[in-house]
There are 2 protein chains.
Amino acid sequence: MGPNQRQDRREDILARMIALLEQAAAEGAQLVVFPELAFTTFFPRWLLDEDELETYFEAEMPNPMVQPLFDRARELSVGFYVGYAERTPEGQHFNSAITVGPDGTILGKYRKVHLPGSVEPREGETYQQLEKRYFEYGEDGFPAFEGVEAWGKPRMGMLICNDRRWPEAWRAYALQGVELMVMGYNSAAYDPNGGTTESEALRTYHSQLVAQANAYMNATWAVAVAKAGVEDGAGLIGGSCIVDPNGVTVAEAKGLGDEVIVADCDLDATLQGKTKMFNFAAHRRPQHYRRIVDQTGSL
Amino acid sequence: MGPNQRQDRREDILARMIALLEQAAAEGAQLVVFPELAFTTFFPRWLLDEDELETYFEAEMPNPMVQPLFDRARELSVGFYVGYAERTPEGQHFNSAITVGPDGTILGKYRKVHLPGSVEPREGETYQQLEKRYFEYGEDGFPAFEGVEAWGKPRMGMLICNDRRWPEAWRAYALQGVELMVMGYNSAAYDPNGGTTESEALRTYHSQLVAQANAYMNATWAVAVAKAGVEDGAGLIGGSCIVDPNGVTVAEAKGLGDEVIVADCDLDATLQGKTKMFNFAAHRRPQHYRRIVDQTGSL
């Protein structure tokens, strides 16, 4: 997806998403992956007053505002992953994603575990990264789920943005046998406040590198989808990619605007890795991995 | 390193290693990384009788056979990592590596945790992978250690071959603050028994991909060194590489023979990752990683 500006009307964004869904369906897609926080701008870049902040959250999913996407997907018998800001009836806030089946059933739900950014705004900076302020940490871990018959009943897992850089998250899913990982992201293309530490090309490389390597090391397909381009004056990388269980990118977005890429994901391609190199039961040595759960920070 | 044939004399192999050490020192290297099982052929490809098998093991390190390498390194004030087959006084066998300081002191020792292959030979096949038969699993985990003053006192970790494909191994070191990971490998370039599942190019890609991604995700330098070429009639991939903490390869071997690649590894380049994206204390969520230690195989 290209960018969503802060002043964009929700119905216009939804219309673009429906157009993308239709294009994907016309190209044979059975499952469409949208980005993180797909319905809105990436609002954690702003220090917002409570009233505006709440406008970015969905109190139910689906709800009247997003229903046309659900309806069109069902008509086309296409499922989808979409990321959104979730407000629970109890008033909790999460950075969430769902995967919806071709009949409109919600097959799985995920709440982002690895929130980047800070609670307090960085002083003197125009652009913030306030995910730790606006969202609570997902506390349901990494629950794998099963896709539908029409997709070949893949064992699936969801991640959101920063999660994809954490090998623990992928492994927690791989230990549940995942064959298809889907994830959306909004990742800065550069420091919008003027820092120059990492180029856009390097950031895009990082994004694709972690999708490729974690797909390979976990013998799974991976679909990683950007919201890209200049949003609210801040650049987001593109680099959406579909990666096979060898870690090889089989389809890749060319630009930073709305664009559809499609690939046929043969689930049997996961077997080579799962039965040989990454036959976990035969080769893992968990007694030596204790630090991973016994420590948070580095010594 | 190029291949060591089964019939090669140990002193000839050692002479090649000393020549490589001297060339590296002449190019300014302070630390030289040799491959896994550098002093011999990759003997786990053969089902061997006990007498021949024991000839591949070192009962002490150093010992008279390898002493000339230690002596020359000390003269040149160059340290080195080297992989070898270890037999303990108690008769245990390990696939081991050591890192030796410029004064000849052994700074760290590592016993391979992730042994690939099988205990029993695969029937009807000429070439085997019998690491699980010939070696015991290393049970000391992943102990980081400190490099010398002349190297900038890097926090270091060692891996051996197959270990580098396991993100848990890298993370166990990263949680000890490693800035420089060194590892040697002998990785098949193709199935020597005639299978065609993975091309040499794909296997080399895998090898470099895991070095790049794990260097990035752990904000560390990584040096991964092949024994390459056709050894005993079985092909080994090359692709030795030096990777920076951005996961970018800064030096890469061109061929499959004896060859020196050199890079200047600025340890401060690890700080960007360690203090921001991969600030573990700020961002890790170990309560959701339990499966990594509670399960061995996949559900």
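User: What follows α6(A), and what sign has the phi of that residue?

Analyst: A219(A) follows α6(A), and the phi of A219(A) is positive, near 50°. This is a predicted model: local features need pLDDT of at least 70, side-chain atom pairs count only at pLDDT 80 or more, and totals for chains, interfaces and linings use all residues. Residues are numbered from 1 along each chain as its sequence is written, chains are lettered from A and ligands numbered from 1 in the order in which they are written, and side-chain values use heavy atoms, with hydrogens and water left out.

User: What span does α6 of chain A reach, and what is expected?

Analyst: Residues 200–217 form α6 of chain A, 18 residues in total. A helix is a DSSP run of H or I with at least four residues, a strand a run of E with at least two, both numbered from the N terminus. The expected span is 1.5 Å times one less than the number of residues. α6(A) reaches 26 Å from first C-alpha to last, close to the expected 26 Å.

User: Why is Q176(A) classed as it is, buried or exposed?

Analyst: Buried means under 20% relative accessible area, exposed over 50%, partly exposed in between (1.4 Å probe, protein chains only). Q176(A) has 5% relative accessibility, so Q176(A) counts as buried. Q176(A) sits in the loop between α5 (167–174) and β8 (180–185) of chain A.

User: What makes Q176(A) and A144(A) a polar contact?

Analyst: A polar contact is a pair of N or O atoms within 3.5 Å; within protein, one must be able to donate a hydrogen and the other to accept it, and residues adjacent in sequence count only if both atoms are side-chain atoms. A polar side-chain atom of Q176(A) lies 3.0 Å from the backbone nitrogen of A144(A).

User: Which residues of chain B does Q176(A) touch?

Analyst: R291(B), S298(B) and L299(B), not counting residues up to four places away in sequence. Contact means heavy atoms within 4.5 Å.

User: How do you know what relates the two copies?

Analyst: Superposition is by least squares on C-alpha atoms of residues with pLDDT of at least 70 in both. Chain B lies on chain A with an RMSD of 0.0 Å, after a turn of 180° and a shift of 0.0 Å along the axis. The copies are thus related as by a two-fold rotation axis. They meet through the same surface, because 100% of the interface residues of chain B are also interface residues in chain A.

User: What makes β7 and β8 of chain B a pair?

Analyst: Strands pair if DSSP finds at least two bridges between them. Five bridges join β7(B) (155–160) to β8(B) (180–185), and the strands run parallel.
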